[in-house]
Amino acid sequence: MKKKWHDFKQWISSRKLNQKVKYLFLIIISLYVIVFLLMYAFVIRKNMFAYMMTSNLNTMVSIGSNLNGELNNISKTSQLIMGDSNVRNFLKCSVTEKENYAPQVLMLIRNIMTNLQDASSIYLIRDDGNYMDASNSITYFEPKYLKDTAWIADINEKRGGYIIKVNGGGAFEYYDGRPMISMMRAVYDIDTQERIGILIINLSQEILNNTLQDVLDNGRSYAYYDEEGHLLSKGEALKEIEETPITHEDYEQISVGGMFKEKVISYYHVPSTPLRIAGIESISLTKFISKDILGFVLILILLTFLSLSILGIFITHYITTPIQRLVWSMSSVKSGWLRRASLKTSNDEIGELKDSYNKMLIELNRLIDELVENEKQTHRAEIDILQEQIKPHFLYNTLDTIAYLSLEKEKEEVYNAIETLGSFYRKFLSKGSKQITLEEEIAIVKDYCKLQKLRYGDIFEDMYDIDKALLQIKVPKLILQPLVENSLYHGIRLKGEEGIVKITAYRTESHLHIVVYDSGIGMDTTKIEELMNENNSKSFGLKGIIKRIRYYYGVEDVYEIRSEEGVYNEIDLKLPLIGGNHV
């Protein structure tokens, strides 16, 4: 990965300026497309989905309310039947006497059917199993259900109120197999309050179709289903709904299809019924954003692309081409000749650039003299860069660890490693600040140790003895992690046995002491002197930290190394407590 990134940077660097401009415009256009896709995926689509959820729920609640309203009207009509004296006498009289009331009862229920547009049959059943019915279509009734205790118990449970069942819970069937909606209720004697019969009004599926007439448009489709997923309303079953299991939730929405062909399937349980309304609607920008606005956005995008193209031509003609000519004229400098550039151009800015370049050559000798004075500032800049050099060193090691985990360990451990790495860099970056609190610096070390334990197991234990009163003191960023890394790589690991890395922080009257201790191989006095030698490149990390601390505080005495060969090593950073660092 590192090599690929390096090759890519080399390739970009080798391109001419006009090619770089073309690539820049290509990137801008690509970003336009990506931003639009991200906006659609995470903003527009989310808002459309939320609006559709609310709209569909309101629509299906309205459909269900209309249906329950129709059922309540039919319920009131059924109460007229139950309140008729001839009906009550028919239900509670003896078998021999029921024929005396049959003509009047039959005429009543036929008149009722005439007034009930969606009624297909009415059954008035006595408790002895005899019944009277009126029907305008061929309907089959299974009397065996009158002996089904569960079937009877469902009706009795309402104590005179009605229940709704599809096909009477199996007791009824049309000759052509069409579904029917059965309203069933027990009839009680007014005087004794004893049950004397059952009234059943079977309704055709038209009562369902009528509630859907006003909503089957604008790309929406709705249908009624029973609890087993059988289609009840007219028309063909919706293919996507057939392929999606109907849940038993009161309301649920499921998304199916791709991002730009997405559909939303909604389910709604109509209260007090075994019916479920299922609806499907396609997500479309035109439903939520007017065509005029979409047209305006499209024109705006086209104008943007056109403007970028014109800008590209302008830059190429007036900037990149003259600059390339200027570069060619100045190319002799590569051979070591400080020759002034000569170039004729209509671009005043390029002409000024040429003049500035020539003046730069004249002033070069003077600038060389000033370099001696600027060297100290350059040295300080190099110290700042040192921190940036440490970052990839740790990152590459950590990525190696994660790569190892991905081959050898469970995915949860890989995830934890990546999460810890992300936590490390969030703390490490610190919004670009060059100084952080001691608490944040310790947190960086803890994340680092956690990652190293994933790689090396339990070869070391990290310990912390930090005075809580010191945690908010500001210190230069990333002064401890390289020291802990040295303790692990050059101390404990080389010793070949389990060890300890301990960080201690305490204060004296004028200094904050941060001590990094390890129980590694240690050093003798000679090795310590060699380590801090200016010509020793092996101690780049430690010397770099010392230089940064010296530059940060402006003092030389900022560290002390204590060690015993084969036993331990201890680096004591002595940070002056000045200004905002007082506690």
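S121 stands opposite N202 in β7, and that pair is a good place to start. This is a predicted model, in which local features need pLDDT of at least 70 and side-chain atom pairs count only at pLDDT 80 or more, while totals for chains, interfaces and linings use all residues. Residues are numbered from 1 along each chain as its sequence is written, and side-chain values use heavy atoms, with hydrogens and water left out.

**Exercise 1. Strand partners**

Find the strands that pair with β7, and say whether β7 is mostly covered or not.

Solution.
- Step 1: Fix the terms. Helices (H or I, at least four residues) and strands (E, at least two) are DSSP runs, numbered from the N terminus. Two strands pair if DSSP finds at least two bridges between them.
- Step 2: Look at β1, residues 119-126. This strand is antiparallel to β7, and seven bridges join the two.
- Step 3: Turn to β6, residues 180-188. Its pairing with β7 is also antiparallel, over nine bridges. Here S182 has N202 as its bridge partner, and N202 is also the residue opposite S121.
- Step 4: Follow the chain from β6 to β7. The two strands make a hairpin with six residues between them, and Q193 in the turn has a positive phi of about 60 degrees.
- Step 5: Check the cover of β7, residues 195-204. Nine of its ten residues are buried, where buried means under 20% relative accessible area, exposed over 50%, and partly exposed in between (1.4 Å probe, protein chains only).

**Exercise 2. The length and bend of a helix**

Work out the span that α14 should have, compare it with the model, and locate the bend.

Solution.
- Step 1: Take the rule. The expected span is 1.5 Å times one less than the number of residues in the helix.
- Step 2: Apply the rule to α14. With 15 residues (481-495), the helix should span 21 Å; the end C-alpha atoms are 20 Å apart, which agrees.
- Step 3: Find the bend. It sits at L488 and comes to about 30 degrees, taken as the angle between axes fitted to the seven residues ending there and the seven starting there.
- Step 4: Look at the cover. The buried residues of α14 include P482, L488 and Y489.
- Step 5: Inspect both flanks. In the loop between β14 (474-476) and α14, L478 has a positive phi of about 60 degrees although it is not a glycine, and L478 is buried at 1% relative accessible area. Just after the helix, G496 has a positive phi of about 80 degrees; G496 is exposed, with a relative accessible area of 67%.
- Step 6: Pick a distant neighbour of G496. I459 is 37 residues away in sequence, with the two C-alpha atoms 8.5 Å apart.

**Exercise 3. One face of a helix**

Show where the buried residues of α3 lie around its axis, and name the residue that caps its N-terminal end.

Solution.
- Step 1: List the buried residues of α3 (85-92). They are V87, R88, F90 and L91.
- Step 2: View them down the axis. They fall within an arc of 160 degrees, so they line one face of the helix; the arc is that of the directions from the axis to the C-beta atoms.
- Step 3: Recall the geometry. An α-helix has 3.6 residues a turn, so residues three or four places apart point the same way.
- Step 4: Go to the N-terminal end. D84 is the cap, with a side-chain oxygen 2.9 Å from the backbone nitrogen of N86.

**Exercise 4. Salt bridges**

Count the salt bridges, then describe the partners of D154, K453 and R550.

Solution.
- Step 1: State the criterion. A side-chain nitrogen of Lys or Arg must lie within 4 Å of a carboxyl oxygen of Asp or Glu.
- Step 2: Count. There are 14 in the structure.
- Step 3: Take D154. Its partner is K165, with the closest N and O atoms 2.7 Å apart. D154 lies in α5 (149-156) and K165 in β4 (163-166), so the pair ties together parts that are eleven residues apart in sequence.
- Step 4: Take K453. It meets D462 at 2.6 Å, N to O. K453 is partly exposed at 28% relative accessibility, whereas D462 is buried at 18%.
- Step 5: Take R550. It meets E556 at 3.5 Å, N to O. R550 is partly exposed at 26%, and E556 is exposed at 56%.
- Step 6: Add the network. E560, R562, E570 and D572 are joined into one by salt bridges that share partners.

Key: Polar contact = N/O pair within 3.5 Å; in protein donor to acceptor, adjacent residues only side chain to side chain.
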